[in-house]
Amino acid sequence: MALHGFLEFFQREKTFRPKKRFNQGTIRYSLHKQANASLQSGINLKEVVRLPAGENMNDWLAVHVVDFFNRINLIYGTISENCDETTCPTMSGGQKYEYLWADGETYKKPVKLPAPRYIELLMDWVENQINNESLFPVSSDVPFPKTFPTLCKKILTRLFRVFVHVYIHHFDRIFSIGAEAHVNTCYKHFYYFVMEFELMSAKELEPLAVMTAQMCKD
Ligand SMILES: [Zn+2]
């Protein structure tokens, strides 16, 4: 029931970005389907993140980065009307952490921003990376850039901050719409994925370390 309510909630929501999709018939499309099927069959998340034998690591990374972007985007969408400049004047993760935004272009020096603005810029930035075909090639004939793993680490590190904000500041809302199991599953999947391939530093994971230790015991 909870998931059903959650999906209905999504369908009412108008502010979602169009979902980034994989082209049917490509390796990435089948990997994406395969990864989703494993998730739905309830297999251990720690195992489903492992690179399947014979598959290319960059393809595996690309599929996960895009899927996490889509899922985190939906999660933030469910609480976005409760996240404004008054409720969340800073992009904080509790009292100990505050993120400053810099993209090296418009924002050369790190700036303090209200959380909704920070997250908007963050999601725009990720969306631009994954829609840039020279960074995320759509065809398997086009090679990934050499910097691809580094870029994915940066994207995942930034996406993680949305989890930090949602968990620390908006979990009551997630709970009230019955979406906590869904969000927790997404978080665990994300966490096991970044741990499997060492894609984030312990320092960046720190704001949710206590929760993670309880949630991801095995
Ligand atoms: Zn907020």
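**A tour from Val65 outward**

Select Val65 first. Beyond its neighbours within four places in sequence, valine 65 is in contact with Ile130, Cys152, Ile155 and Leu156. Keep in mind that this is a predicted model.

Now widen the selection to the core. Val65 belongs to the largest nonpolar core, which has 47 residues. Add Leu159 and Phe163: with Val65, they have the most contacts inside this core. Colour the elements that give two or more residues to the core: α3 (45–48), α4 (57–79), α5 (115–131), α6 (148–176) and α7 (180–196). Which element gives the most to this core? It is α4, with 13 residues. In general, nonpolar side chains tend to be buried together in soluble globular proteins.

Next, show α6 and α7 alone. Their axes come within 11 Å and cross at roughly 160 degrees. The cut-off for roughly antiparallel is over 145 degrees, so α6 is roughly antiparallel to α7. The crossing of the two helices is left-handed.

Turn on side chains where these helices meet. On α6, pick Leu156, Phe163, Ile174 and Phe175. On α7, pick Glu180, Val183, Tyr187 and Val194. By class, this contact has seven nonpolar, no polar and one charged residues. Two of the picks were met earlier: Leu156 is in contact with Val65, and Phe163 is among the core residues with the most contacts.

Finally, zoom out to the whole chain. Its secondary structure comes to nine helices and two strands. From the N terminus, the order is α-α-α-α-β-β-α-α-α-α-α. Of the 218 residues, 29% count as buried. Among contacts with a separation of 6 or more, 77% join residues 24 or more positions apart.

Methods
Residues numbered from 1 in each chain as written. Predicted model: local features only at pLDDT ≥ 70, side-chain atom pairs only at ≥ 80, totals over all residues. Core = buried A, V, L, I, M, F, W, Y, C linked by C-beta atoms within 7 Å. Buried ≥ 20, exposed ≤ 12 C-beta atoms within 10 Å, placed from the backbone. Helix = DSSP H or I, 4+ residues; strand = E, 2+ residues; numbered from the N terminus. Contact = placed C-beta atoms within 7 Å. Axes fitted to C-alpha atoms, helices over the stretch in contact; angles between N-to-C directions. Parallel < 35°, antiparallel > 145°, perpendicular 65-115°, else oblique. Left-handed = near helix turned anticlockwise from the far one by under 90°. Nonpolar A, V, L, I, M, F, W, Y, C, P; charged D, E, K, R; others polar.
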